[in-house]
Amino acid sequence: MTSTATRGPSSISLSKRERKGYSIARAINAMADNGGFLPDSLEKDISDEIAKGDGRSARGFFVPPQVLRTMKVGTDPFGGYAVPTGNVADTMLDLLRPVSAPGRLGVTMVDGNAQMRMPLAHADVPTMAGQNFQIPRLDADPSTYFLDEDEAVTDDLNMSMGALRVDPHTVASALPVTRRLLRQSVPATDTLLAASVVKACANSIDEAFLVGTGVDGQPVGVLNTTGVTTTATTLTHANVAAMLKRLQESNIDPLNVRFLSNGAGRESLATTEKVANTGVFLLSDGPGEGTVENRAYVSSEHVPASQLVAGDWSHAMLTLWGAPDIYIDGNTLAARDGVVIRVFQDHDVTVLRPSAFQVLDFS
């Protein structure tokens, strides 16, 4: 079978027929039946195309991101409810996870295996497939001079330059599945598998983006990055306005600032008046979840309690190295006639300018 997919790094263009015909469950079944080897199929063709674009080999097979995006996602304990016993085939309840924040905040998203696509405020830097790389950073402007007529310019050959290193960190997830489930389940098994492993990895990446510790294989998250200022004070209109002032003093465009907190923080913003007895609160109605100081507001349960974050989130970069890599482990549960579905995703978090963020801790 030959796929008509258009090849590109980490992402390929699939036809409507290919998207409809693609099956994670079929690929997993085929690998389980062939000793971990994926035979010729649509899924293998697409995985091979992604591998060519990324310049790396899959542990098992690559799943195209657009297939995951178009799936309705659901899960259930141990997969038992996926086997039809009178339940509605396409009705599966997903696990409730914290809402993803990076995409709604305007974070700079980068494919680590491709030419980086970054806002014009940053440098365009080519990367090497599957490897770490560095981003050159100008830390100070060169000197400028006003000259009288016939006056020579003073050469200033000292330029303040730095570099940010971007290194892959691997997040992985594992799901034990019986062969009976794989064979008896309705087509919604694709939904189950995508939810249980891929979304679990995505949720961990979202959390690490904000609060990664830098230890035990985690990247350093935005809120734990050296240089991101945290001010412990009360939640008042004056203190929120002071956050914007400090950002502007750091040459951050105030029009690009967005606010972030968790749900409890949202409640505090919605019940704290700007001025006592006016009925005007810190959180105002507006598009999406509302606005704070006329700037967009987003909430996520990955934010620590009693913290309000303000920043230009384009100065935070989330790098993903390629598509999710799914590997079928047929050995661990072989005695129980089962397989373990393992997913791997390389990623990193980089704060390009720590001064672009302010944290108010009102605990």
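Where is the place of Glu149? Glu149 is found in the loop that runs between β3 (133-138) and β4 (161-166). The structure described here is a predicted model.

## Negative surface patch

Glu149 belongs to a negative surface patch, which is formed together with Asp148, Asp150 and Glu151. The relative accessible area of Glu149 is 75%, so this residue is classed as exposed.

## Salt bridges within and between helices

The count of salt bridges in the model comes to 8. One of them joins Arg26 and Glu43, whose closest N and O atoms are 2.4 Å apart. This pair links distant parts of the chain, with Arg26 in helix α2 (residues 24-33) and Glu43 in helix α3 (residues 42-54), 17 residues apart. The two partners can also be described by their accessibility: Arg26 is partly exposed, having a relative accessible area of 41%, whereas Glu43 is buried, with a value of 1%.

A further salt bridge is formed by Lys44 and Asp48, and here the closest N and O atoms lie 2.9 Å apart. Because Lys44 and Asp48 are 4 residues apart in helix α3, about one helical turn separates them. Lys44 is buried, with a relative accessible area of 19%, a value that falls under the 20% limit for buried residues. Asp48, at 31% relative accessibility, counts as partly exposed.

## The network around Arg104

Glu289 forms a salt bridge with Arg104, the closest N and O atoms being separated by 2.8 Å. Glu289 is located in the loop between β8 (283-284) and β9 (291-292), while Arg104 is part of helix α5 (residues 102-105); the pair therefore ties together parts of the chain that are 185 residues apart in sequence.

Both residues of this pair are partly exposed: Glu289 has a relative accessibility of 22%, and Arg104 has a relative accessible area of 30%. Salt bridges link Arg104 and Glu289 with Arg266 in a network.

## Surroundings of Ser300

Ser300 is situated in the loop between β10 (295-299) and β11 (307-311). Is this loop residue, Ser300, buried or exposed? With a relative accessibility of 2%, Ser300 counts as buried.

When residues up to four places away in sequence are left aside, Ser300 touches Val99, Ala101, Leu260, Ser261 and Asn262.

Conventions:
Residues numbered from 1 in each chain as written. Predicted model: local features only at pLDDT ≥ 70, side-chain atom pairs only at ≥ 80, totals over all residues. Heavy atoms only, no water. Patch = residues over 30% accessible without salt bridge, like charges linked within 9 Å, V, L, I, M, F, W, Y side chains within 5 Å. Areas by Shrake-Rupley, 256 points an atom, 1.4 Å probe, with all protein chains shown as cover. Salt bridge = Lys/Arg side-chain N within 4 Å of Asp/Glu carboxyl O. Lys, Arg positive; Asp, Glu negative; His and termini not counted. Charge placed at Lys NZ, Arg CZ, Asp CG, Glu CD. Helix = DSSP H or I, 4+ residues; strand = E, 2+ residues; numbered from the N terminus. Buried < 20%, exposed > 50% of the residue type's maximum accessible area, 1.4 Å probe, protein only. Contact = heavy atoms within 4.5 Å.
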